[in-house]
Structures are given as C-alpha cells and as structure tokens.
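Take a look at the model below. This report follows one strand and then turns to the ligand.

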Amino acid sequence: MKALVVYDSVYSNTEKIANAIGKGLEASSEVKVRKVNEVDPKYINEYDLVAVGSPTQAGRPLPSIKTFLEGIPADGLKGIKVASFDTGMPREGKGWFLKLVVKILGYAAPRIARSLESKGGTLTAPPEGFFVEDREGPLSDGEEDRAATWAKGLVKQ
Ligand SMILES: Cc1cc2nc3c(=O)[nH]c(=O)nc-3n(C[C@H](O)[C@H](O)[C@H](O)COP(=O)(O)O)c2cc1C
C-alpha cells in the first residue's frame, strides 16, 4: 500500500498531526508525508491512499489546499482511498463568540472530503478534526496519539 499525507500548516500544529498520521500508517504502508507545495496534484494517482489536511481558517481549508484540490485532474482519484483531516478550535471552547463562529462556519475537513470525492476518491473514514488550545496552538493533550490511531483505521477499510 502506497500512502501520501498532504498538509499545510501556519503554526505547525497541522504539521504535527500529519506526521502522527504518517507514523500511524507506517506499519501497513509505504508512506510519504509532504507539505502541499511539494506535491504535484497531477501525479497523485500513483498512491493507494491519499489523506489531505489543513488548519481551519474561517471554516475553510487554506487557499493552498484549495488550489491543490482544484489541481487534481477529473477522476484523478478514481479507485483511490481518500481521507481528510483538519485542526481547529473545539466547538465547546472558550467564549460564546468563538463558539458561535465555529458552529456557523464549520470545519475544513468536510469540505476537503467533498472535494476529494468529487475527483473520484473513495472516502475511507469520516472527515476528522483535531484540536488546538488556542489560535497558534498548542495541540490539545493526546491529539497526536489520536491522529496515529485514526490513521491505522484508514487502511483497515
Ligand atoms: C485567521 C484565522 C482564522 C481561524 N478560523 C478558525 C475557524 O473558523 N474555526 C476554527 O475552529 N479555528 C479557526 N482558527 C484557528 C486555527 O484553526 C488554528 O490556527 C489552526 O488549527 C492551527 O493550525 P496550524 O498550526 O497548522 O496553522 C483560525 C485561525 C486563524 C489564524
């Protein structure tokens, strides 16, 4: 099984999650973890599993991730397992304002998943979110372990 984890990250929290996902996949797959600017979306069909992750900003993935997803050719993910993840603030977080914003805007991973499916990918797990304590991090306790465990489940499908 050849697996690719693609991510972008502003404050390095999503990068840590992507690396933890890479570790989780290691046992079952030949895995590459790559920042989005290092991957050409045209050649993504050489993998059996592609996981894409982004920080959530205003309910959306970063523009770099959006551009990457748009660059995948039509049906470029046909026959390929796909998964998406994001980082963001927990809905049950701090103040009421943030809670409301997060509730209205949602998270990046479901949007990434829809885009991956629109290119023919087969979603192998529901979109998953991992949490930071504040805008710049750090990750909440145990999130890297949870990411590694989530990754192991992706190849079992
Ligand atoms: C401009 C901006 C907008 C953000 N919007 C949201 C949001 O809509 N929902 C959310 O849960 N977190 C939001 N956050 C928090 C980010 O998700 C957090 O910075 C990110 O998880 C950190 O990941 P990174 O270190 O990989 O960049 C926002 C952060 C920034 C800087």
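In this predicted model, 8 of the 8 residues of strand 4 are buried, so the strand is largely enclosed by the rest of the structure. Strand 4 spans residues 81-88. A residue counts as buried if 20 or more other C-beta atoms lie within 10 Å of its own.

In a regular strand, side chains alternate between the two faces of the sheet. Both faces of strand 4 are covered. Lys81, Ala83, Phe85 and Thr87 are buried on one side. Val82, Ser84, Asp86 and Gly88 are buried on the other.

What pairs with strand 4? The table lists its partners, with a bridge count for each.

| Partner of strand 4 | Residues | Direction | Bridges |
|---|---|---|---|
| Strand 3 | 49-55 | parallel | 7 |
| Strand 5 | 122-123 | parallel | 2 |
| Strand 6 | 128-131 | parallel | 4 |

Some residue pairs can be named. Asp86 is the bridge partner of Ser54. Val82 stands opposite Leu123 in strand 5. Thr87 stands opposite Phe130 in strand 6.

A helix belongs to this picture too. Strand 3, helix 2 (residues 63-70) and strand 4 form a β-α-β unit, and this unit is right-handed.

Now to the ligand. How many residues surround the ligand? There are 20. The closest are Ser9, Tyr11, Asn13, Thr14 and Gly88. Gly88 is also one of the buried residues of strand 4.

Strand 4, helix 1 (13-26) and helix 3 (96-105) each supply at least two residues of this shell. Helix 3 gives the most, with 3 residues. By type, the shell holds 9 nonpolar, 10 polar and 1 charged.

Technical notes:
Residues are numbered from 1 along each chain as its sequence is written. This is a predicted model: local features need pLDDT of at least 70, side-chain atom pairs count only at pLDDT 80 or more; totals for chains, interfaces and linings use all residues. A residue is near a molecule or strand if its C-beta atom, placed from the backbone, lies within 6 Å of it. Ala, Val, Leu, Ile, Met, Phe, Trp, Tyr, Cys and Pro count as nonpolar, Asp, Glu, Lys and Arg as charged, and the others, Gly among them, as polar. A residue is buried if 20 or more other C-beta atoms lie within 10 Å of its own, exposed if 12 or fewer, and partly exposed in between; C-beta atoms are placed from the backbone. Two strands pair if DSSP finds at least two bridges between them. A crossover is right-handed if, with the strands pointing away from the viewer, the path from the first strand over the helix to the second runs clockwise.
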